[in-house]
Amino acid sequence: MGESTRRRQRSLLAGLLVAVVVAAGCMGGGLDQGEPQQPGPEQTGAPASPGAPTTRAEGTTSVAEFKQDFSDAVGSAASYWTAQFRASGKRFQPVRRVVPYTRDGEVSCGGQPLPRNNAVYCSAGDFIAYDVNWSVGAFRQIGDAFLFYLLGHEYAHGVQVRLGIRYNFTIQQELQADCMAGAYLGDSVRSDALTLQEGDLEEFREGLLAVGDDPDQPWFAEGSHGTAEQRTDSFFRGYEKSLGACGLS
Ligand SMILES: [Zn+2]
């Protein structure tokens with residue numbers, strides 16, 4: 001994605017399925033849990049635009065492809081924030097490391113072992129850690145859009161730390177991170193760094209509806225991320241209006 005020409009040949013949000021629980025986990029609050037379901041049938045919508053050589057073909061969501069998309073998603077988030085900081089005369093220090101893991105407790109954050117089926121930003125070490133198997137599963141189920149959202153959200157937590165933003169409730173921190181992820185993606189589309197295919201936005205919206213907290217969860221609970229409606233509102237507020245809508249100042 002990002003500057004890559006290759007990325008333009010593919011649909012960012014193709015194949016986004018609704019029935020998934022996104023676990024954009026976060027240290028400092030609770031950790032999200034989420035188990036991607038078995039890969040569903042690939043959607044056949046979002047045809048390539050005329051002249052675009054390919055969209056992702058069915059059954060080609062290989063691990064190699066995952067790695068490339070993951071790397072693109074990290075790089076594109078880092079590029080976006082570097083440019084944003086530079087525009088305000090500041091130097092942006094990219095998140096220090098991105099750490100894959102496969103086992104419970106293989107990676108710890110501030111002494112707290114990280115569980116499987118999750119991805120987190122750890123402020124204690126300034127790194128993003130992610131369960132590889134879980135991430136690959138979600139990638140296969142949802143598509144590459146998942147990785148760009150996931151990394152956009154976790155990277156936003158790294159930016160919050162750099163800006164010294166610390167809310168009293170995790171839900172505030174989380175909804176702002178969703179807004180920032182939306183701003184990053186929306187701005188990147190507007191600047192032509194990323195390209196969406198027709199219908200992708202609606203698919204993304206449908207996907208976000210499925211990622212909210214359980215309706216019974218109190219908003220003030222440790223680890224709350226927001227209801228589906230709140231998360232969707234935050235994400236698209238950022239997507240449509242850019243960072244000014246995310247309360248960063
Ligand atoms: Zn988060």
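The following exchange discusses a predicted model of a protein chain.

Colleague: How many helices and strands are there in the protein chain?

Modeller: From the N terminus on, the elements run α-α-β-β-β-β-β-α-α-α-α-α. Two helices therefore precede the strands in that order, and further helices follow them. The count is 7 helices and 5 strands.

Colleague: What percentage of the residues of the protein chain count as buried?

Modeller: The chain exposes about 11,000 Å², and carbon and sulfur atoms supply 51% of that area. A residue is taken as buried when its relative accessible area is under 20%. Of the 249 residues, the share that counts as buried is 52%.

Colleague: Among contacts with a separation of 6 or more, what share is due to residues 24 or more positions apart?

Modeller: A contact here means heavy atoms within 4.5 Å. For the protein chain, residues 24 or more positions apart account for a share of these contacts equal to 74%.

Colleague: At what angle do helix 5 and helix 7 pack, and how far apart are their axes?

Modeller: Helix 5 covers residues 170-190 and helix 7 covers residues 228-241. Their crossing is right-handed. The packing angle is about 35°, and the axes are 6 Å apart.

Colleague: How do the residues of the contact of helix 5 with helix 7 divide into nonpolar, polar and charged?

Modeller: On the side of helix 5, the participants include Ile-171, Leu-175, Cys-179, Gly-182 and Val-189. Helix 7 contributes, among others, Arg-231, Phe-235, Gly-238 and Tyr-239. Glycine is placed in the polar class, so Gly-182 and Gly-238 are counted there. The division is 9 nonpolar, 5 polar and 4 charged.

Colleague: Is Gly-182 buried or exposed?

Modeller: Gly-182 has its place in helix 5. Leaving aside residues up to four places away in sequence, Gly-182 touches Phe-235, Gly-238 and Tyr-239; these three residues are in helix 7. Because its relative accessible area is 0%, Gly-182 is buried.

Colleague: What distance separates the C-alpha atoms of Gly-182 and His-153?

Modeller: Along the chain, Gly-182 and His-153 are 29 residues apart. In the model, their C-alpha atoms are separated by 8.5 Å.

Colleague: With which side chains does the side chain of His-157 make a polar contact?

Modeller: His-157 is found in helix 4, residues 144-162, and its relative accessibility of 6% means that it counts as buried. One polar contact of its side chain, at 2.7 Å, is with the side chain of Gln-160. Another, at 3.1 Å, is with the side chain of His-153. The partners are thus Gln-160 and His-153.

Colleague: Which class counts describe the contact of helix 2 with helix 4?

Modeller: Helix 2, residues 63-87, packs against helix 4 at an angle of about 35°, with the axes 9 Å apart, and the crossing is right-handed. Residues of helix 2 in the contact include Phe-66, Phe-70, Val-74, Trp-81 and Phe-85; those of helix 4 include Leu-147, Phe-148, Leu-151, Tyr-155 and Arg-162. By class, there are 13 nonpolar, 1 polar and 4 charged residues.

Colleague: Which backbone oxygen lies 3.2 Å from a polar atom of the side chain of Arg-162?

Modeller: Arg-162 lies in helix 4 and is partly exposed, with a relative accessible area of 24%. Its side chain reaches the backbone oxygen of Gly-158 at 3.0 Å. Beyond four places in sequence, Arg-162 also touches several residues, among them Phe-92, Pro-94, Val-95, Tyr-121 and Asp-126. The backbone oxygen at 3.2 Å belongs to Pro-94.

Colleague: What is the phi value of Asp-126, and where is the residue found?

Modeller: At 16% relative accessibility, Asp-126 counts as buried, and it is one of the residues that Arg-162 touches. Its phi is positive although the residue is not glycine. Asp-126 is found in the loop between strand 4 and strand 5, and its phi is near 50°.

Colleague: In which loop is Asn-117 found?

Modeller: Asn-117, a residue other than glycine, has a positive phi near 55°. Its relative accessible area is 14%, so Asn-117 is buried. Its place is the loop between strand 3 (112-113) and strand 4 (119-122).

Methods: Residues are numbered from 1 along each chain as its sequence is written. This is a predicted model: local features need pLDDT of at least 70, side-chain atom pairs count only at pLDDT 80 or more; totals for chains, interfaces and linings use all residues. Side-chain values use heavy atoms; hydrogens and water are left out. Axes are lines fitted to C-alpha atoms, for helices over the stretch in contact, and angles run from 0 to 180 degrees between N-to-C directions. Helices (H or I, at least four residues) and strands (E, at least two) are DSSP runs, numbered from the N terminus. A crossing is left-handed if the near helix is turned anticlockwise from the far one by less than a right angle, and right-handed if clockwise. Buried means under 20% relative accessible area, exposed over 50%, partly exposed in between (1.4 Å probe, protein chains only). A polar contact is a pair of N or O atoms within 3.5 Å; within protein, one must be able to donate a hydrogen and the other to accept it, and residues adjacent in sequence count only if both atoms are side-chain atoms. Accessible areas come from the Shrake-Rupley method with a 1.4 Å probe; for residues, only the protein chains shown count as cover.
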